[in-house]
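Dear colleague,

I am passing on the structure we spoke about, and I would be grateful if you could read it alongside the notes below.

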Amino acid sequence: AARSHERYMEELIAHHVSGRLKVAPEHTSDATLKVMRKPSFSLFRKFKEKFDRIKASVGQPQLRLVPYFISSHPGSRPEDMADVAVQTKDLGFKLEQVQDFTPTPMTVATEIYATGVHPYDGKPVYCAHTTEEKQEQRSFFFWYKPEMKASLRATLHRLGLDDVAARLLDGRKEKAVLTPGVCY
């Protein structure tokens with residue numbers, strides 16, 4: 001099975017990607033991904049490593065991955081969006097395929113958004129509802145824009161994540177450490 005997967009990726013990258021391959025990891029927080037019923041972000045990291053290795057081996061260095069992410073999804077807190085910013089920056093991405101969560105009828109995510117409770121286990125789930133909460137989460141996508149830095153620095157300071165602000169906004173070399181699934 002692993003070799004079949006490898007052959008499929010080689011075929012895809014060598015012959016079917018013209019320039020950009022769009023993929024949808026949607027978030028980096030395993031807690032948020034669990035609410036989305038998606039696998040861990042660690043699988044996207046493995047996929048990116050494999051993509052980079054194969055594109056080099058087939059002579060297609062110009063190919064790029066374009067990841068898609070969602071802010072304000074039920075379960076996503078500002079700390080989780082800081083994690084999205086740090087992890088995607090560390091992977092070399094400046095995000096362009098992004099969206100704020102939009103409730104869609106007949107979905108589990110919309111039920112959680114409307115009730116604040118996960119229907120499978122009855123546990124409360126954080127949801128960003130206000131315009132300010134949603135904008136705060138969305139702003140983390142654009143950490144690289146000069147006009148976003150002051151508000152992001154203020155948000156990160158309020159969250160007690162000054163080390164993340166230094167790493168994300170000042171370009172310091174030491175890695176900011178965010179522990180997945182931990183609220184700061």
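What follows is an account of the core, the rings, a pocket, some helices and two single residues.

This is a predicted model, in which local features need pLDDT of at least 70 and side-chain atom pairs count only at pLDDT 80 or more, whereas totals for chains, interfaces and linings use all residues. Residues are numbered from 1 along each chain as its sequence is written, and side-chain values use heavy atoms, with hydrogens and water left out.

I begin with the core. The largest nonpolar core (buried Ala, Val, Leu, Ile, Met, Phe, Trp, Tyr and Cys residues joined through side-chain atoms within 4.5 Å) has 46 residues, of which Phe141 and Leu156 touch the most other members. Its largest share, five residues, comes from helix 4 (residues 78-90), where helices (H or I, at least four residues) and strands (E, at least two) are DSSP runs numbered from the N terminus. Buried here means under 20% relative accessible area, exposed over 50%, and partly exposed in between, with a 1.4 Å probe and protein chains only. Setting aside residues up to four places away in sequence, Phe141 has contacts (heavy atoms within 4.5 Å) that include Phe69, Met81, Val84, Leu95 and Val98.

Turning to the rings, the whole structure holds eight aromatic pairs, counted for rings of Phe, Tyr and Trp (its six-membered ring) with centres within 6.5 Å, and called stacked when the planes are under 30 degrees apart, edge-to-face when over 60 and tilted for the rest. Phe44 and Phe93 form a tilted pair, because their ring centres are 6.2 Å apart and their planes stand at 45°. This pair links distant parts of the chain, since Phe44 belongs to helix 3 (residues 41-57) and Phe93 to the loop between helix 4 and strand 3 (97-100), 49 residues apart. Both Phe44 and Phe93 are buried, and ring pairs join them with Phe41 and Phe69 in a cluster. Phe142 and Tyr144, by contrast, are edge-to-face, because their planes lie at 70°, with the centres 6.4 Å apart. Phe142 is buried at a relative accessible area of 16%, while Tyr144, at 23%, counts as partly exposed.

Phe93 also appears in the lining of a pocket. Among the 14 residues that line the second largest pocket, those closest to its centre are Arg64, Leu65, Gly92, Phe93 and Lys94, and helix 3 and strand 2 (64-71) each supply at least two residues of that lining.

Two further helices deserve a look. In helix 5 (108-115), the buried residues are Val108, Ala109, Thr110, Ile112 and Tyr113, and they pack against helix 2 (30-36) and helix 6. Just after helix 5, Gly116 takes a positive phi of about 75°. In helix 6 (residues 131-139), Lys134, Glu136, Gln137 and Ser139 are buried, and their cover includes strand 2, helix 4, strand 3, helix 5 and helix 7 (149-158).

Lastly, two single residues. Glu6 lies in helix 1 (residues 2-15) and counts as buried at 12% relative accessibility; apart from neighbours within four places in sequence, Glu6 is in contact with Lys50, Arg53 and Ile54. Ser151, in helix 7, is partly exposed at 37% relative accessibility.

With best wishes

Note on methods
1 Å grid on protein atoms, 1.4 Å probe; cavity = no way out; pocket = protein on both sides within 12 Å on 5 of 7 lines; lining within 4 Å.
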